[in-house]
Amino acid sequence: MLGLEGKVIFVSGGNRGIGAAIVNLLEEMGAKVAYNYRSGKGEKGTGYVANVTDPEEMTQLMAQIEQDLGPIYGVVCNAGITRDALATKLTTSDWNEVVDTNLTGVWNTIQPNLAGMYERKEGSVVLVSSIVGERGNIGQINYAATKGAVIAMAKTLAQEGARYKVRANVVAPGFIETDMTKPIPEPVKEKIYAQIPMRRFGKPEEIAWAVVYMLSPVASSFVTGHVLSVNGGHYM
Ligand code: NDP
């Protein structure tokens with residue numbers, strides 16, 4: 001019904017957390033899903049090992065996926081990391097690691113796919129940003145910068161891709177229960193819950209539905225350059 005049956009969709013960082021939930025839901029929708037990860041650790045066992053920070057590895061990966069599954073229709077840039085510190089304490093190496101993964105990694109993931117998508121005149125790109133990219137966050141100047149930047153990337157891609165019938169959108173999760181938020185101490189979590197009108201963190205599946213909506217050529221066919229915030233009402 002969502003038009004994703006048989007469509008080849010790539011998800012970066014699909015072995016755990018939000019990425020795994022996206023992969024699972026897309027599989028339920030009948031899509032042919034491929035995903036990568038760095039470490040090989042995690043819930044799911046059958047992905048491709050490739051580092052989003054390495055442009056050659058990502059170019060080879062996309063060629064391999066097209067050989068294995070067929071032309072790629074959808075690309076979900078989900079892989080991401082945090083290296084948190086106040087701006088006064090942040091090291092350049094932690095700045096670079098986050099920018100290399102969350103920003104250049106997104107470029108390395110979409111770049112090998114654009115020409116083919118434009119030629120085939122179909123495709124949907126979904127970039128996973130964050131509430132932190134929309135409103136900033138103490139201790140996350142590097143992460144916030146990358147998550148804000150991917151919103152600008154999607155808005156640009158939306159304008160460039162429209163004539164080729166390729167859409168680009170953003171899903172911006174609020175705080176979600178994954179390995180990324182596990183280290184937040186309980187008292188800090190309680191303070192965050194108090195700021196969220198729904199008084200809880202979201203679940204990875206609740207982000208996956210938003211990504212599936214943005215990928216669907218049926219459900220979101222006239223939506224491009226949009227940021228869909230999924231955050232339990234956490235806007236303040
Ligand atoms: P997790 O830490 O649970 O998982 C991160 C995923 O990214 C893993 O699959 C990891 O692979 C992969 N990854 C990280 N670096 C690389 C790399 N260099 N190359 C390939 N894969 C890589 O994160 P979440 O599921 O929580 O987050 C997913 C996305 O959602 C991220 O972009 C994050 O910024 C964003 N987000 C998360 C929020 C949250 O509260 N959890 C809130 C807002 C946004 P591996 O297992 O091999 O390390």
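Biologist: In which handedness of crossing does α1 pass α7, left-handed or right-handed?

Modeller: Happy to start there, and do keep in mind that this is a predicted model. Helix α7 covers residues 204-215, while α1 spans 17-28. Where α1 passes α7, the crossing is right-handed.

Biologist: What word describes how α1 and α7 lie to each other?

Modeller: Two packed helices are described by the angle between their axes and the distance between the axes. For α1 and α7, the axes are 8 Å apart and the packing angle is about 55 degrees. An angle under 35 degrees would count as roughly parallel, and 65 to 115 as roughly perpendicular. The pair fits neither group, so α1 and α7 are oblique to each other.

Biologist: How are α2 and α3 placed, and which hand does their crossing have, left or right?

Modeller: Helix α2 (residues 55-69) and helix α3 (residues 92-120) have axes that come within 7 Å and cross at roughly 40 degrees. That angle is therefore an oblique one for α2 and α3. As for the hand of the crossing, α2 passes α3 in a way that is right-handed.

Biologist: Which term fits α3 and α5?

Modeller: Here the axes of α3 and α5 are 9 Å apart, at an angle of about 15 degrees. The cut-off for this term is under 35 degrees. So α3 and α5 are roughly parallel.

Biologist: Let's turn to the ligand. How much of the accessible area of the ligand does the protein cover?

Modeller: Let's look at some contacts before the area. Arginine 38 has a polar side-chain atom 2.5 Å from an oxygen atom of the ligand, and for threonine 178 a side-chain N or O atom is also found 2.5 Å from a ligand oxygen. On its own, the ligand has 890 Å² of accessible area, and the share covered by the protein is 97%.

Biologist: Which elements each supply at least two residues of the shell around the ligand?

Modeller: The ligand is surrounded by 31 residues, and the closest are Asn15, Arg38, Ser39, Tyr143 and Thr178. One helix we met above, α5, runs over 141-161. The elements that each give at least two shell residues are α1, β2 (32-37) and α5.

Biologist: How many residues of each class does the shell around the ligand have?

Modeller: The shell mixes three classes: nonpolar, polar and charged. Lysine 147 has a side-chain N or O atom 2.8 Å from an oxygen atom of the ligand. The tally for the shell is 12 nonpolar, 14 polar and five charged residues.

Key. Residues are numbered from 1 along each chain as its sequence is written. This is a predicted model: local features need pLDDT of at least 70, side-chain atom pairs count only at pLDDT 80 or more; totals for chains, interfaces and linings use all residues. Side-chain values use heavy atoms; hydrogens and water are left out. A residue is near a molecule or strand if one of its heavy atoms lies within 4 Å of it. A polar contact is a pair of N or O atoms within 3.5 Å; within protein, one must be able to donate a hydrogen and the other to accept it, and residues adjacent in sequence count only if both atoms are side-chain atoms. Accessible areas come from the Shrake-Rupley method with a 1.4 Å probe; for residues, only the protein chains shown count as cover. Helices (H or I, at least four residues) and strands (E, at least two) are DSSP runs, numbered from the N terminus. Ala, Val, Leu, Ile, Met, Phe, Trp, Tyr, Cys and Pro count as nonpolar, Asp, Glu, Lys and Arg as charged, and the others, Gly among them, as polar. Axes are lines fitted to C-alpha atoms, for helices over the stretch in contact, and angles run from 0 to 180 degrees between N-to-C directions. Angles under 35 degrees count as roughly parallel, over 145 as roughly antiparallel, 65 to 115 as roughly perpendicular and the rest as oblique. A crossing is left-handed if the near helix is turned anticlockwise from the far one by less than a right angle, and right-handed if clockwise.
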